[in-house]
Amino acid sequence: MACGGLGLRGLSALECGPQRTMVAVSMRIQLNGEPYELPAGESVAGLLARLELAGRRVAVELNQDIVPRSQHVTTALSDGDQVEVVHAIGGG
């Protein structure tokens, strides 16, 4: 008996374990017009943390729609999304 078709003969089905489904662990988005890779399922808030912009005054546009600050944590990004992030820089 072969285990999962991998040629591991002599192992029972319990020893083989359940079959696993491959899941994407990363995704690619367009960030300000440039390709950017990040973990699958990342939120807007997570992206801002990666960019060291968490807590700063920023505007985020996701696929041409503004994402309100109150929705940054709950708005998940998807592979292929187009994200624009603009932050205010003080000066004088």
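# Exercises on a predicted five-strand chain

In the hairpin of β1 and β2, with two residues between the strands, N32 has a positive phi near 50°. The model is predicted, so local features need pLDDT of at least 70 and side-chain atom pairs count only at pLDDT 80 or more, while totals for chains, interfaces and linings use all residues. Numbering starts from 1 along each chain as its sequence is written, and side-chain values use heavy atoms, with hydrogens and water left out.

## Exercise 1. Elements and sheet

Task: list the order of the elements along the chain, then find the order of the strands in the sheet.

Solution.

Step 1. The chain holds two helices and five strands. Helices (H or I, at least four residues) and strands (E, at least two) are DSSP runs, numbered from the N terminus. Read from the N terminus on, the elements run α-β-β-α-β-β-β.

Step 2. Two strands count as paired if DSSP finds at least two bridges between them. The five strands form an open sheet with mixed pairing, in the order β2-β1-β5-β3-β4.

Step 3. β2 and β4 are the edge strands, each with a single partner strand, so one side of each has no neighbour in the sheet. On average, neighbouring strands of the sheet are turned by 35° against each other, direction ignored. For such angles, axes are lines fitted to C-alpha atoms, for helices over the stretch in contact, and angles run from 0 to 180 degrees between N-to-C directions.

## Exercise 2. Strand partners

Task: find the partners of β1 and β3 in the antiparallel pairings, with residue pairs as examples.

Solution.

Step 1. Six bridges join β1 and β2 in the antiparallel sense. In this pairing, S26 is opposite P39 of β2, and M27 is opposite L38 of β2.

Step 2. β3 runs antiparallel to β5, and five bridges join them. Here L62 faces V83 in β5.

Step 3. On three bridges, β3 also pairs antiparallel with β4 (residues 65-67). E61 has I66 of β4 as its bridge partner. The hairpin of β3 and β4 has two residues between the strands, and N63 takes a positive phi near 50° there.

## Exercise 3. The nonpolar core

Task: which elements give two or more residues to the largest nonpolar core, and what does V60 touch?

Solution.

Step 1. Buried means under 20% relative accessible area, exposed over 50%, and partly exposed in between (1.4 Å probe, protein chains only). A nonpolar core is a set of buried Ala, Val, Leu, Ile, Met, Phe, Trp, Tyr and Cys residues joined through side-chain atoms within 4.5 Å.

Step 2. The largest such core has 15 residues, and those touching the most other members are I29, L47, L48, V60, L77, V83 and V85. Two or more residues each come from β1 (26-31), α2 (44-50), β3 (58-62) and β5 (82-87).

Step 3. On β3, V58, V60 and L62 make up the covered face, while A59 and E61 make up the uncovered one. Contact means heavy atoms within 4.5 Å. Leaving aside residues up to four places away in sequence, V60 touches V44, L48, D65, I66, V67, H72, V83, E84 and V85.

Step 4. For the chain as a whole, 24% of the 92 residues count as buried.

## Exercise 4. Salt bridges

Task: how many salt bridges are there, and is E42 buried or exposed?

Solution.

Step 1. A salt bridge is a side-chain nitrogen of Lys or Arg within 4 Å of a carboxyl oxygen of Asp or Glu. By this rule there are two.

Step 2. One joins the side chains of R28 and E37, at 3.4 Å from N to O. E37 is partly exposed, because its relative accessibility is 45%.

Step 3. The other joins R50 to E42, with the closest N and O atoms 2.8 Å apart. R50 is partly exposed at 43% relative accessibility, whereas E42 is buried at 16%.

## Exercise 5. The loop between β2 and α2

Task: S43 and A40 lie in the loop between β2 and α2; is S43 buried or exposed?

Solution.

Step 1. With a relative accessible area of 16%, S43 is buried. Leaving aside residues up to four places away in sequence, S43 touches H72, V73, T75, A76 and L77.

Step 2. A40 is partly exposed, with a relative accessible area of 40%. The C-alpha atoms of A40 and S78 are separated by 7.2 Å, although the two residues are 38 residues apart along the chain.
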